[in-house]
Structures are given as C-alpha cells and as structure tokens.
Amino acid sequence: MKPNEQNTSAQAKRYLMFCELAYAFPILRPLQDAIRKRGDECAWFLVDGCPNMLNEDEVLLHSAEDVKAYNPVAVFAPGNWIYPSFPGVKVQVFHGYPINKRADKVDDHFRMRGWFDMYCTSGPSSTPEFNRLAEKLKYFKVYETGWCKADSLANAKAKANANTKAKPTIFVASTFSKNISSLHVFFPIIKQLAEEMDWNWIVTKHPKLHDEHLETLYADLAATHENVRFSPQTDVDEMAHSDVMLCDSSSIIVEYLLLDKPVVTYRNTRPDSHLINIYNIEDIRGAIEKALTRPDELMQAIRAFASYHEAHMDGQNCERILDSVDDFVANYKGRLKRKPLNLIRRIKLGIRH
C-alpha cells in the first residue's frame, strides 16, 4: 500500500513505526490497530537489515525523505535507538520487561542513550526508576501506559480460555545471548519426550539467534513427528493456547507469565518462586509434569510477578500510549531540556539521518 492511498482527511494524524529487528512487528501491530480504529494513519520504516514482514495493507516508507514528507506526529520504537532527524515525538515503547537476564549491576533496560522524548512504561518494575531518571535528566517524560504487546496477550488469553484441548502443549523458547541460550541443549530431550509423552510441542527461535544447523535439526524433528511444530517466529496465539513454557532466561518469560501459565526454566540467571527452575536436562520431564498441575503456591507467585511487571492487562495499553502522545504534544513538546547530541553513538551506529 502507498501512503497516498490512506485516509487523506485533514484531521487524520500520522504515526510511524520504526523497526530494527523482526520482534518489532508483533510489538507494534496492536498499536497500529489502535491508530486505525481512531481513523488515523500509520506507516512503517525498516532499518537496513530488518526483514520486511509487512502485510499488503501496511504502508512502507523507503527513505528519510519519505518519512519527512509523511511528517508523523510521533515515531514509535521498541529498540534502543531511533533516527533523531525524523519528524515527530520519539516514543520508546520497549521490546520487553526489565528482568536483567544477565544479572548485570546496571540493567540495560534503564540505560539512558538520549534518543527519546517519551518513555511508555508498564508497571512497578519500570515506572519508578524511569520517573527518577526523568527528574534527573529533564529531557523526556514518562507515562505509565502498559506495554503495547500486552494488548495482544490479553486478547489471546481471553480467546484461549474459551477453548479446550485434547492434550497438553509445551511451548519452547530461548534467548539468543551467548552462554545463556539453551535451544541446542533442549533438542535431545525434546526429541525423546516427543516420542515418549502424549504432548504437543511448539518450538520457536529468537530472531537474533542465527544457527542454520540448529534450525535444520528442529525442522527435521517437526517433519518426522506429528506432535512437534517448529516456528521460526513467535506467535502470541500459539503461546496462549499452550499449557507450559520451557525456556532459559529469555525476556519472553514475562510475556508467558502474563498469560497466567507456568514456566519451566533451565539454569535461569535469576530464578525465583514464580519459576520451576532446573539445572539438569534429565529433570525437564518431571518439571513439566509438575507445571501441568498448576500448584497453588506457584500460580500465586506467577500472578504477583506478572503484575509487578505489567500493571495493565485490560487490552487498553495502546489507547493509553496514543493519549499520552497527545498529552506530550499539548503540554511538553518543545518545553523540555534539549536531548544530548549523542555524537559517539551516532558514529558507532552509522547514523546519517
């Protein structure tokens, strides 16, 4: 679709989705849905190297000149940076929750890089710290809106609760981080359990994990086992219709817990009572069997952990984000301290815009 094929109403607002990696699409599409429901317009800009996963009804802008002509009121980015010369309010909507999976002294989630005018936070785990940083740095505003992708999770959860399945489904995910990713470790036990247990398996791959040999192994496993599906992309509906997640230390764990479902983790870097964490591959079967019983103590811990990260599961987060942009434009745009120039970061990223 071309930009001039959209609603040309003089009152329609224009917004831009800034995508660096494949994970951006499921994060930003609920926001696009909310924009369209308001009768406004949305377009996408893909950084070099980002796969084009747009649908036919979605608008792609090909250059910085196209973006400037489009003149969006706001640009939404789930990644850590954005082109500073693009018009519009620069809005950070995040690509996950602050779980600090590497157990670093300073969580990268709160690293200020000076690119954004607004930060849309999700709950107690993020809002207080960003408010503190906003008070200190004074060049951005913080709005607790909830994460835009949580709207998809809330809707998928509601649909899944209305359905029943014949047998349990295990959803497998892994981080990409070196020395933490476990998808290669999971393969032999998944193969074994796929043959021994009456369970369905959905195995997904992190978009940053590049391992052709591993992908071939899982694709072949799916081709020879009817109860195994290998999906290079994570699907929210598949997550919602599964019963247990098997993972390591990926941030997707929080998304799954928002669905009110148990997670079995292998050598998680920050294990706690909301997880069934194991250290030996041989314990995966027993851990999954325990998770399928949904123990009361575990489920209470899951709900406390989930609400700490995401305070809003009403399906209205995207509406709050758009309302927050309106508030920022009306009350703060052009009135805050100037953002830092970021010359060194621009050079490292090769930013020309």
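The following paragraphs lead from the overall make-up of this predicted model to one of its strands and then to its empty spaces.

The protein has 353 residues, and 54% of them count as buried. Its secondary structure comes to 12 helices and 13 strands. Among the contacts with a separation of 6 or more, 68% are made by residues 24 or more positions apart. The accessible surface amounts to about 16700 Å², and carbon and sulfur atoms hold 47% of that area.

Strand 9, which covers residues 200–204, offers a convenient point of entry. Of its 5 residues, 4 are buried, that is, under 20% relative accessible area. Strand 9 is therefore largely enclosed by the rest of the structure. One of its partners is strand 8 (residues 169–172), which runs parallel to strand 9 and is joined to it by 4 bridges. In this pairing, Ile170 stands opposite Trp201 of strand 9. Strand 9 also pairs with strand 10 (residues 228–231), again in parallel and through 4 bridges. Here Ile202 stands opposite Arg229 of strand 10. Strand 9 is thus bridged both to strand 8 and to strand 10.

The discussion now turns from the strands to the spaces left between atoms. Rolling a probe the size of a water molecule over the atoms shows where empty space is left. Such a space may be a pocket, which is open, or a cavity, from which the probe cannot get out.

The second largest pocket contains about 290 Å³ of space. Two elements give two or more residues to its lining, namely helix 8 (252–258) and helix 10 (296–309). Helix 10 gives the most, with 5 residues. In total, 20 residues line this pocket, and those nearest its centre are Ile99, Arg270, His274, Phe305 and His309. By class, the lining of the second largest pocket comprises 9 nonpolar, 8 polar and 3 charged residues.

Closed spaces are present as well, with 3 cavities of 30 Å³ or more. The largest cavity holds about 50 Å³ of space. Residues that line this cavity include Val93, Phe94, Gly96, Tyr97 and Pro98. Further along the chain, the lining of the largest cavity also includes His109, Cys120, Thr121, Ser122 and Ser126, together with Gly146 and Trp147. Its lining is made up of 6 nonpolar and 6 polar residues, with no charged residues. The lining of the second largest pocket, by contrast, has 3 charged residues.

Note on methods: Residues are numbered from 1 along each chain as its sequence is written. This is a predicted model: local features need pLDDT of at least 70, side-chain atom pairs count only at pLDDT 80 or more; totals for chains, interfaces and linings use all residues. Side-chain values use heavy atoms; hydrogens and water are left out. On a 1 Å grid over the protein atoms alone, a cavity is a set of points where a 1.4 Å probe fits but cannot get out, and a pocket is an open set with protein on both sides within 12 Å along at least five of seven lines; lining residues have an atom within 4 Å of a point. Grid points are joined across faces, edges and corners, and a volume is the space filled by probe spheres set on the points. Ala, Val, Leu, Ile, Met, Phe, Trp, Tyr, Cys and Pro count as nonpolar, Asp, Glu, Lys and Arg as charged, and the others, Gly among them, as polar. Buried means under 20% relative accessible area, exposed over 50%, partly exposed in between (1.4 Å probe, protein chains only). Two strands pair if DSSP finds at least two bridges between them. Contact means heavy atoms within 4.5 Å. Accessible areas come from the Shrake-Rupley method with a 1.4 Å probe; for residues, only the protein chains shown count as cover.
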